[in-house]
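Got your viewer open? Let's walk through this one together, one selection at a time.

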Amino acid sequence: MSKDVGLANKLLKKFLENYSGVKHIDSSLNLCDWNKLSTDSRKIKRGDIFISLDGENYKGDNFVGDAFNSGAKFCITSNNLNIEKQIIVNSTHEFIQDFASYIITNTKELKRFAITGTNGKTTTKELLSNILSLRFNVLASEGNFNNQIGVPLTIFNLTNKHEVLINEMGTNSHGEIEKLSRIARPDYATITNIGMGHTEGLVNKDNIFIEKSNITKNFNKDSLFSFNLDDKFIVDFYNKINCKKITYAINNKADLNAVNVSNDFYNFDIKYKKHLYKINLRAPGINNIYNSLCAASLAIQTNMEMEEIVNGINSFEGINNRFKIIKLKNENIVINDTYNANPDSTIRAIKMTNSIFPTKRKIAILGSMLELGVKSSEEHQSISSEIKKNKFLELYSYGPNSADYKKNLDKNTGFIALKNHNEIKKYINLNSIKNTVILIKGSRGMKMEKILISLGL
């Protein structure tokens with residue numbers, strides 16, 4: 001069996017020899033003998049390289065000493081720290097992006113996938129990884145490593161044994177997706193959907209679509225894009241892009257369609273080339289039907305058999321804190337959807353809760369949805385309209401937009417604004433209620449998983 005060789009280890013020396021961003025390299029350094037690249041001094045192990053990056057609330061150079069104490073072989077910085085074992089570059093942020101791009105352009109036998117969209121990109125990435133791992137050696141970005149730091153760090157983990165790379169790409173401002181596309185150069189890409197997320201930086205859906213469509217900036221005629229034909233923005237894009245195409249949908253005719261969808265969204269059939277393939281989701285929901293269709297449409301490009309693809313979908317357990325259904329005694333249900341929230345995903349979660357559990361009492365515990373800019377108040381009020389429409393009996397809110405959540409409720413829906421997560425214990429005792437479903441959701445910054453802890457889960 002051939003040795004597992006990191007591509008970053010193999011290529012760093014040659015990259016630095018021709019990199020215009022280098023200011024200084026300690027001549028004593030062995031640029032071929034090291035373990036991993038890391039930007040987190042807390043995760044440095046003996047033999048690693050520490051890359052000093054500045055964030056909003058910290059300066060990487062302050063942690064160089066910690067990195068060396070943990071066994072770092074040398075460091076890469078933007079400033080001359082007057083120490084040995086140092087490489088100085090014009091910008092460490094530009095260095096990690098440029099080096100990651102160099103690795104990709106010098107790696108020929110690698111299938112490269114990229115996924116963006118307002119909702120579903122992390123789940124679609126994990127679904128696709130679960131499918132492709134049945135046949136290939138796959139590297140997928142961890143968690144939400146989907147920005148200008150996370151994508152390069154994922155690429156730095158590539159080895160000569162990897163056959164597939166799957167990158168998630170996120171954005172909250174103009175130009176980010178184009179930069180990520182330049183770095184990762186996907187052969188196959190998709191936009192899962194366009195919704196109201198991160199509008200603080202992008203203002204509206206039109207700008208969000210323009211930004212996300214830049215995932216195709218480095219496409220050529222042999223590249224492939226997977227289209228969600230139930231999203232009007234993506235349908236309009238279909239005729240504008242010159243590349244190979246595959247489509248999926250529930251409501252409109254496409255290459256892959258979801259048909260025979262069950263009322264609880266656990267079961268459906270994928271119709272592809274006049275054949276039906278039975279899907280039994282372990283993580284139910286209309287959102288995961290779309291995610292499954294999208295992942296299947298991309299997996300088809302690797303020439304996997306549909307039976308293999310179906311096995312990959314049916315074995316997928318879902319993602320922690322993403323519409324996870326927790327069954328309790330007394331016929332109670334808690335839905336843990338605390339991973340993140342924006343208006344589209346929150347409305348969808350409310351509708352799915354009502355659709356899956358129409359006969360249960362319904363309670364929502366919602367944290368504020370962040371990064372919505374001037375539309376924040378309006379979007380939170382639209383959520384309370386959905387709460388009323390879907391017959392939730394109680395709404396508990398936490399965060400700066402609690403008053404907005406209340407505005408469109410009527411007297412039939414009880415409302416309480418929580419001062420902290422722990423206060424929910426004053427109002428809900430899971431042992432004293434019956435036949436009730438509780439939906440818990442909010443933006444990542446609201447840390448709504450603490451509500452589950454307060455409820456004793």
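What follows is a tour from the whole chain down to single residues, and keep in mind that the model is predicted.

**The whole chain**

Start with everything shown as a cartoon. You should be able to pick out 15 helices and 20 strands in the chain. The radius of gyration is 24 Å, while the globule rule gives 23 Å for 457 residues, so the chain is as compact as a globular protein of that length. Turn the C-alpha trace along its principal axes and the spans come to about 75 × 55 × 40 Å.

Now colour by burial. Of the 457 residues, 56% count as buried. If you draw contacts between residues at least 6 apart in sequence, 65% of them link residues at least 24 apart.

**The nonpolar cores**

Next, select L132 and I270. Within the largest nonpolar core, a set of 64 residues, these two have the most contacts. Then add helix α10 to the selection: α10 gives this core its largest share, 9 residues. A second core, separate from that one, holds 56 residues, and W34, I51, F99 and I191 are among them.

Go back to L132 and show what surrounds this residue. Which residues are in contact with L132, leaving aside neighbours within four places in sequence? The set is F113, V138, V164, I166, A299, T302 and M304.

**The second largest pocket**

Move on to N119, N193, I194, D344 and R348. The space here is the second largest pocket, about 490 Å³. Its lining has 22 residues, and the five you just selected are the closest to the pocket centre.

Switch on the helices around the pocket. α9 (232–238), α10 (286–299) and α12 (343–356) each put at least two residues into the lining. Which helix supplies the largest share of that lining? Colour α12 to see it: this helix provides 6 residues. α10, then, appears twice on this tour, with residues in the pocket lining and in the largest nonpolar core.

Try colouring the lining by residue type, too. You'll get 9 nonpolar, 5 polar and 8 charged residues.

**Two asparagines with positive phi**

Most residues other than glycine have a negative phi. With that in mind, select N303, whose phi is positive, about 70 degrees, although this residue is not a glycine. Look for N303 in the loop between α10 and α11 (306–314). Is N303 buried or exposed? N303 counts as exposed, because its relative accessibility is 60% and the cut-off for exposed is over 50%.

Now jump to N321. Phi here is near 70 degrees, again a positive value in a residue other than glycine. N321 lies in the loop between α11 and β15 (324–327). With a relative accessible area of 24%, N321 is partly exposed.

**Last stop: N390**

Finish at N390, in the loop between α13 (376–389) and β18 (394–398). The relative accessible area of N390 is 8%, so this residue is buried, the cut-off being under 20%.

What does N390 touch, not counting residues up to four places away in sequence? Show the side chains of I350, K351, N354 and K362 and you have the set. To round things off, draw a C-alpha to C-alpha distance from N390 to S355: the two are 35 residues apart in sequence and 8.8 Å apart in space.

Methods. Residues are numbered from 1 along each chain as its sequence is written. This is a predicted model: local features need pLDDT of at least 70, side-chain atom pairs count only at pLDDT 80 or more; totals for chains, interfaces and linings use all residues. Side-chain values use heavy atoms; hydrogens and water are left out. On a 1 Å grid over the protein atoms alone, a cavity is a set of points where a 1.4 Å probe fits but cannot get out, and a pocket is an open set with protein on both sides within 12 Å along at least five of seven lines; lining residues have an atom within 4 Å of a point. Grid points are joined across faces, edges and corners, and a volume is the space filled by probe spheres set on the points. Helices (H or I, at least four residues) and strands (E, at least two) are DSSP runs, numbered from the N terminus. Ala, Val, Leu, Ile, Met, Phe, Trp, Tyr, Cys and Pro count as nonpolar, Asp, Glu, Lys and Arg as charged, and the others, Gly among them, as polar. A nonpolar core is a set of buried Ala, Val, Leu, Ile, Met, Phe, Trp, Tyr and Cys residues joined through side-chain atoms within 4.5 Å. Buried means under 20% relative accessible area, exposed over 50%, partly exposed in between (1.4 Å probe, protein chains only). Contact means heavy atoms within 4.5 Å. The radius of gyration is taken over C-alpha atoms; the globule rule is 2.2 Å times the number of residues to the power 0.38.
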